[in-house]
Amino acid sequence: MSFISWQFPLFLIGFILIYWWLPHRRRLWFLLVGSYAFYAFWDVRFLALVFTTTVVDFLCGLGIQGERRSLRVIVLLSLLPFAWLLGCFGFIPRSGIDLNLLTIALGISLAFLGVYLLIWHLPDSLRARGFLLLSICLCLSILGYFKYCNFFSESAKSALSFLGLRPDWPTWYIILPVGISFYTFQSLAYVIDLYRGQAVVCRDFLIFAVFDAFFPQLVAGPIERSRHLIPQLEKDIIFAGSYLNDGLRLILIGLFKKVFVADNCALLANYVFAPQTALNGAWALIGGVAFAFQIYGDFSGYTDIARGTAKMLGIDLVQNFRYPYLAKDPSDFWSRWHISLSTWFRDYVYIPLGGNRGRDWQTVRNLMVTMLLAGLWHGASWVFVLWGAYHGVLLTLYRFSPLRVLNRRQFAWLWQDWLARLLMFGFTLIGWAIFRSPDLTRFWTWLMALGNWGPAELPWLSSLGWLLLHLVPLMLLQIAASRFEDETRLVHLHWTTRGALYFVMILLIVSSTEHDQEFIYFQF
């Protein structure tokens, strides 16, 4: 179910009314069932993957702490994903499940069960690492199969064809389950933190299952850490009117960013990055800026709606965006953009590789590996590999070149501060052009068009006006909130001013000419 579908407001209103009426334990059960229903709205079969992640990381987390459930419970939990697919096969017509898929699901369940039981026979000194590796290998294998199987298969075919060979293996049609990257990373972080001693084990399967499938942030983040979300789920929250007030504010601002800003900017970005469109410099620049604010409005808008929805349930989610286009350097950008993902890669990839603790060439290696993996996380395509490599090079250049002088405190005059921001925004636009291009050829066309300022096939001044029409209100909103780190915080304004802003945002949302675009990050 999408936040911008007509079903979601009905779902949310009914859910909140029942949720606050229930006592704590029943509220958790209701939240779990509601989260599964929310996810099943896309494809009921893929709930089996959510179950797999939950079961594997719950049992491995207990194993890392030296704790285990009874054999009967372990067997039942291990077979839960298979049982769900079996139910879909038997009771849901045309579910798209055949006997081969059921056999694979049963094989995975039994393989996990066998390895899990085998690890208990290892010496105490190796057991915790065994459970950690079991969790990482199984979860990343599932993620890799659904997200990267076709990519590596086609890449291998292309490489062999280039060498004069003719591979004839079949190409599988694999559907990418929505949100698989997000809930996989969130669950893995719990197990890794337990192994490092940075988290407290969750012994309540119900609470852990809700943590793993909490519907406001299940399909597109933010990626929550267990030490932040689980304690909130364990606490019996008392209803307060501020939950509804703050939640509605966040949802409204999120809808404004998504429907008014992102979806209307998408019209220009889609035209510019279409393969058949002839470009000049003006159109290339308009398209780059349009996509930059499309993806910002789309993803930060989703995050605001997710935070608002969670807030109405008495839950605080982490902030995921903080004025990213005001960044002065690449490191600053990644501390402002998709904060929960960038900190994930920092904590679980960059720092374990050695971070910046070694020699310069080792730091460069760590930066490049981290950003290449971050690029692949966004999608199975050479475009995303290039995007990750580009940001890795950008981080390296700023770290080891005179560009960093722009950000030294003794040179931080006002004009130089804004020069650094403008330069970084230009570099960011190039990155987004890579990200948005359907292939590397189209990106090269876009890049070359920046040097051609001759006449275009279509006039661009009216499109520039359209772009500004949808960007200026966003900029005014951010200026109003600029006193705080949170982009949505407007408490310092008089209530009449806030009311006027909210009223204008509602008018802009309902009068928007385009509101049919799905959230971009659902594909990741």
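In this predicted model, the charged end of Arg-27 sits over the ring of Tyr-19, 5.1 Å from the ring's centre. Arg-27 counts as buried, at 7% relative accessibility. The residue also has an acidic partner. Arg-27 and Asp-236 meet through their side chains in a salt bridge, 3.8 Å from N to O. Asp-236 lies in the loop between H10 and H11 and Arg-27 in helix H2, so this bridge ties together parts that are 209 residues apart in sequence. Asp-236 is partly exposed, with a relative accessible area of 43%. A charge over a ring appears again at Trp-418, where Arg-421 lies over the face, at 5.1 Å from the ring centre.

Stay with helix H2 and move to Arg-25. Side chains of opposite charge can pair when their charged atoms come close. Arg-25 forms a salt bridge with Asp-204, and the closest N and O atoms are 2.5 Å apart. This pair also links distant parts of the chain: Arg-25 is in helix H2, while Asp-204 is in the loop between helix H8 (180-196) and H9, 179 residues away. Both ends are partly exposed. Arg-25 has a relative accessible area of 40%, and Asp-204 has one of 22%.

Asp-204 has a second contact. At the start of H9, one of its side-chain oxygens reaches to within 3.0 Å of the backbone nitrogen of Leu-206. Follow the chain into H9 and the surroundings change. H9 is mostly covered, with 8 of its 9 residues buried. Leu-206, Ile-207, Phe-208 and Ala-209 are among them, as are Val-210, Phe-211, Asp-212 and Ala-213. What covers these residues? The cover includes H2, helix H3 (47-64), H8 and H10.

Helix H2 also takes part in an aromatic pair. The structure holds 62 aromatic pairs. A pair of aromatic rings is described by the distance of the centres and the angle of the planes. For Phe-38 and Phe-215, the centres are 5.3 Å apart and the planes stand at 45 degrees, so the pair is tilted. Phe-38 lies in helix H2 (residues 24-40) and Phe-215 in the loop between helix H9 (205-213) and helix H10 (226-234), so the pair ties together parts 177 residues apart in sequence. Both phenylalanines are buried.

Now compare Phe-273 and Trp-446. Their ring centres are 6.4 Å apart and their planes lie at 20 degrees, so the pair is stacked. Phe-273 sits in the loop between helix H11 (241-272) and helix H12 (281-312), and Trp-446 sits in helix H18 (residues 440-449), 173 residues apart. Phe-273 counts as buried, at 2% relative accessibility. Trp-446 is buried at 2% as well.

Next come the salt bridges beyond H2. A search of the whole structure finds 17 salt bridges. One of them joins the side chains of Asp-298 and Lys-258, at 2.7 Å from N to O. Asp-298 belongs to helix H12 and Lys-258 to helix H11, with their positions 40 residues apart in sequence. Are these two charged residues buried or exposed? Both Asp-298 and Lys-258 are buried. Elsewhere, salt bridges that share partners join Arg-225, Arg-346 and Asp-347 into one network.

Helix H12 leads on to the nonpolar interior. In soluble globular proteins, nonpolar side chains tend to be buried together. Here the largest nonpolar core has 156 residues, and Tyr-325 and Trp-432 have the most contacts inside it. H12 supplies the largest share of this core, 16 residues. Which residues does Trp-432 touch, leaving out those up to four places away in sequence? They are Phe-291, Ala-292, Ile-295, Tyr-325, Phe-333, Trp-337 and Trp-387. Tyr-325 thus appears both as a neighbour of Trp-432 and as one of the two residues with the most contacts inside the core. Apart from this core lies another, of 5 residues, including Phe-82, Leu-85, Leu-102 and Ala-105.

Finally, step back to the whole chain. The protein chain has 20 helices and 0 strands. Of its 524 residues, 54% count as buried. Take the contacts between residues at least 6 apart in sequence: 75% of them join residues at least 24 apart. The bridge from Arg-25 to Asp-204 is one link between distant parts of the chain. The stacked rings of Phe-273 and Trp-446 form another such link.

Terms used
Residues are numbered from 1 along each chain as its sequence is written. This is a predicted model: local features need pLDDT of at least 70, side-chain atom pairs count only at pLDDT 80 or more; totals for chains, interfaces and linings use all residues. Side-chain values use heavy atoms; hydrogens and water are left out. Rings of Phe, Tyr and Trp (its six-membered ring) pair if their centres lie within 6.5 Å; planes under 30 degrees apart count as stacked, over 60 as edge-to-face and the rest as tilted. Helices (H or I, at least four residues) and strands (E, at least two) are DSSP runs, numbered from the N terminus. Buried means under 20% relative accessible area, exposed over 50%, partly exposed in between (1.4 Å probe, protein chains only). A charge sits over a ring if NZ of Lys or CZ of Arg is within 6 Å of the ring centre and within 35 degrees of the ring normal. A salt bridge is a side-chain nitrogen of Lys or Arg within 4 Å of a carboxyl oxygen of Asp or Glu. A nonpolar core is a set of buried Ala, Val, Leu, Ile, Met, Phe, Trp, Tyr and Cys residues joined through side-chain atoms within 4.5 Å. Contact means heavy atoms within 4.5 Å. A polar contact is a pair of N or O atoms within 3.5 Å; within protein, one must be able to donate a hydrogen and the other to accept it, and residues adjacent in sequence count only if both atoms are side-chain atoms.
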